[in-house]
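Hi everyone, thanks for coming. Today I'd like to walk you through one helix and then a cavity, so have the picture in view.

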Amino acid sequence: MKRKLVVGNWKMNGDLVRNQALLEQLVRHELAAVERAVCVPFPYLAQAQAALAGTPVALGAQNLCEFDDGAFTGEVSARMLREFGCRYVIVGHSERRSLFGEDDAMVARKTAKALAAGLIPIVCVGESLAEREAGQVEAVLQRQLDALRTELTPAALAELVIAYEPVWAIGTGRAASPEQVQAVLAFIRAWLGEHGGAVRILYGGSVKPDTARELFSLPDADGGLIGGASLVAGQFIEICEAGASASHSA
Ligand code: PGA
């Protein structure tokens, strides 16, 4: 059995009361056949660390600074994330790329920084709708992936998690079709085979309880990165269950 990985990306959502209820429901639900993690906003790391301590649900953050320490007002370093028990950190989410000006080179530097600190980076890649319509999916993915090679050795590349998140499927309720997803995952798998080796590849973008099972069962899918549905305990649990049953058949 190859265990799938299901990661919740809370984005900039939550408050102390709602988080506590959500985290308590997640840890109460035992699911050995799937790896689970939640990536919470920075101010809630301590709360989530306490709630998840001693449970199989791992903690992650949604971003990190490309530098170590010092005069970088407003930034958070990889070391700080480790201090709060983070195992994962999302890097280069399309919202960071499009709204906060992160380019491929910065994403690569952040990825290297995360790995050096002992975090597992979940590096997001994916094309926009315009790029898909222009037939540029593979070119965009190739560019985003090649940038990682400027900062990472093949051994380091093998430590990553890659999340394929087509920008047009994020938060739109319009998940990519299984055929579209599998084609890109296979492309990423081939790239990794050439440059880095075995890496877990997730799909993200409007994954819901009713679509999760099919998406996680695709030949090259190792799990999912879940936004909106990770904020609703019942939905996230159902998606994790879909991950568990896809693990059994993998
Ligand atoms: P979504 O977000 O599931 O709400 O589409 C996924 C993501 O942005 O990671």
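Let's begin with helix α1, residues 16-28, in this predicted model. How far apart should the ends of its 13 residues be? At 1.5 Å a residue, the expected span is 18 Å, and the end C-alpha atoms are indeed 18 Å apart, so the two values agree.

Now, which residues of α1 are buried? They are Asn19, Leu22, Leu23 and Leu26. Around the helix axis these four cover an arc of only 95 degrees, which means that they sit on the same side of α1. Here is a general point to keep in mind: an α-helix has 3.6 residues a turn, so residues three or four places apart point the same way.

What about the face turned away from that buried side? There you'll find Val17 and Arg28, and these are exposed. As for what covers the buried residues of α1, the list includes β2, α2 (45-52), β3 (57-61) and α11.

Let's move on to the cavity. Searching the whole structure for cavities of 30 Å³ or more turns up one, with a volume of about 30 Å³. Leu26, which we just met as a buried residue of α1, is part of its lining, together with Arg36, Ala37, Val38, Val57, Phe236 and Cys240.

Which element gives the most to this lining? That's β2, with three residues. Both β2 (34-39) and α11 (233-248) supply at least two residues each. By class, the lining has six nonpolar residues, one charged residue and no polar ones.

Thanks for listening, and I'm happy to take questions!

How values were computed:
Residues numbered from 1 in each chain as written. Predicted model: local features only at pLDDT ≥ 70, side-chain atom pairs only at ≥ 80, totals over all residues. Heavy atoms only, no water. 1 Å grid on protein atoms, 1.4 Å probe; cavity = no way out; pocket = protein on both sides within 12 Å on 5 of 7 lines; lining within 4 Å. Points joined across faces, edges and corners; volume = space filled by probe spheres on them. Nonpolar A, V, L, I, M, F, W, Y, C, P; charged D, E, K, R; others polar. Expected span 1.5 Å × (residues − 1). Buried < 20%, exposed > 50% of the residue type's maximum accessible area, 1.4 Å probe, protein only. Arc of directions from axis to C-beta. Contact = heavy atoms within 4.5 Å.
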